[in-house]
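Trainee: I am new to this structure and would like a close look at a single part of it. Could you walk me through the salt bridges, step by step?

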Amino acid sequence: MRTLGYIASFFVVLVLFPSTSHAQLLDNLNSVEITLSPEYPKPGQIVQASVFLASENVRTATIVWLLDDEIQQEGAGDDTFRFVAGGVGVPQTLRVLVKMPSGQVFAKTLRVIPAEVTLVWEADTYTPPFYKGRSLYSSGSIIRAEAIPNFVDEEGRVYTSPELLYTWSKNGTVLGKMSGIASNAIVVEGPKFFGNFILSVEVSTPDGTQISQSAARIETVDPVIKVYERDPLVGVLYHNAIGSGYSFSGTSQFEVQAEPYFMDTPYPNNDSLRYSWSINGSKVSSIDARPSALLVQLLEEAPVTTTLRVVVDHARHLLQTGESTSEVSFESSARSSLFGF
């Protein structure tokens with residue numbers, strides 16, 4: 001009853017003073033500001049709305065918050081209000097009424113239509129078959145990014161990607177040439193040296209009634225070199241990388257394969273990569289047609305442990321380099337060597 005009584009008395013003021021209060025309300029519409037946090041709500045997010053007046057202290061005022069024409073909160077100095085955003089494309093009308101002690105009445109209305117966009121990216125770097133993660137960025141490579149929007153109009157029609165406006169930014173600087181209608185995918189250079197940057201995208205309907213943002217921090221990583229055993233029947237055993245303590249058994253000949261994770265190359269044996277193999281500190285030669293592979297021959301029947309090392313460098317990107325060193329054991333040989341070593 002107190003809420004209804006307050007609203008009744010609030011509107012009585014407007015009726016009793018049609019020439020002053022109504023004029024004050026209209027004259028002051030532009031001086032009232034509602035801010036939202038987050039600025040562009042996603043579906044189901046908790047949103048905090050705050051009201052500001054340029055020339056008045058709203059904490060001395062009586063403030064009423066209405067959502068879809070229903071009173072949600074009212075009281076002295078209630079300059080903030082929290083609500084839950086609706087579903088994608090479901091509009092909400094947020095209205096605030098501010099009555100100052102002087103009798104001035106201020107009002108502001110916002111229309112909130114939630115939308116969402118997902119930013120996905122990967123570097124144009126190498127990962128082996130069956131790798132389940134993202135291709136990460138190493139110094140000198142490029143990044144491919146795509147914005148996947150979820151925008152629905154008030155009639156329930158889903159916007160297609162080409163209908164929307166995309167504004168791409170890198171560390172807060174707008175990438176003007178890459179932005180525009182239907183620009184939902186871009187290719188961008190990363191940092192020249194080690195570091196990271198923020199890639200972001202803002203997506204909006206052409207009339208600006210729906211806006212959503214997404215961002216990703218992209219960090220520079222070192223290439224990772226992993227070595228795997230190659231089985232003559234099933235191929236590379238990607239499920240088990242060779243590390244310290246790895247044991248070979250059952251045959252006198254082994255082939256190993258180096259995989260250059262996150263290097264700027266389409267495949268391991270590309271001409272841009274340089275492989276340097278060594279066994280127990282002595283340089284050995286890889287397989288001629290496949291420099292990423294090494295063939296090891298066991299010569300004597302006695303157990304032996306040896307150090308297997310490979311270093312991979314990129315011919316164009318000086319900072320793209322990596323290595324793998326492992327202590328491995330051979331159960332049926334006293335020593336190992338390369339063919340021709």
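Mentor: Happy to; here is a walk through the salt bridges, one pair at a time.

A word on the model comes before the pairs: it is predicted, so local features need pLDDT of at least 70 and side-chain atom pairs count only at pLDDT 80 or more, while totals for chains, interfaces and linings use all residues. Residues are numbered from 1 along each chain as its sequence is written, and side-chain values use heavy atoms, with hydrogens and water left out.

Side chains of opposite charge can pair when their charged atoms come close. The term salt bridge is used here for a side-chain nitrogen of Lys or Arg within 4 Å of a carboxyl oxygen of Asp or Glu. The structure holds nine of these salt bridges.

Let us begin with Asp79 and Arg59, whose side chains meet in a salt bridge at 3.5 Å, N to O. This pair links distant parts of the chain, 20 residues apart. Asp79 sits in the loop between strand E4 (70–76) and strand E5 (80–84), and Arg59 in the loop between strand E2 (46–53) and strand E3 (62–67). Strands (E, at least two residues) are DSSP runs, as are helices (H or I, at least four), and they are numbered from the N terminus.

How covered are the two partners? For that, buried means under 20% relative accessible area, exposed means over 50%, and partly exposed lies in between (1.4 Å probe, protein chains only). Asp79 counts as buried because its relative accessible area is 13%, whereas Arg59 is exposed, at 58%.

Next come Glu323 and Arg309, which form a salt bridge with their closest N and O atoms 3.1 Å apart. This pair, too, links distant parts of the chain: Glu323 belongs to strand E24 (residues 321–330) and Arg309 to strand E23 (residues 304–314), 14 residues apart. Glu323 is partly exposed, with a relative accessible area of 44%, and Arg309 is also partly exposed, at 32%.

Some salt bridges share partners, and in this way Asp153, Arg157 and Glu163 are joined into one network. Within that network, Asp153 forms a salt bridge with Arg157, and the closest N and O atoms are 3.5 Å apart. Asp153 is buried, since its relative accessible area is 14%, while Arg157 is partly exposed, at 38%.
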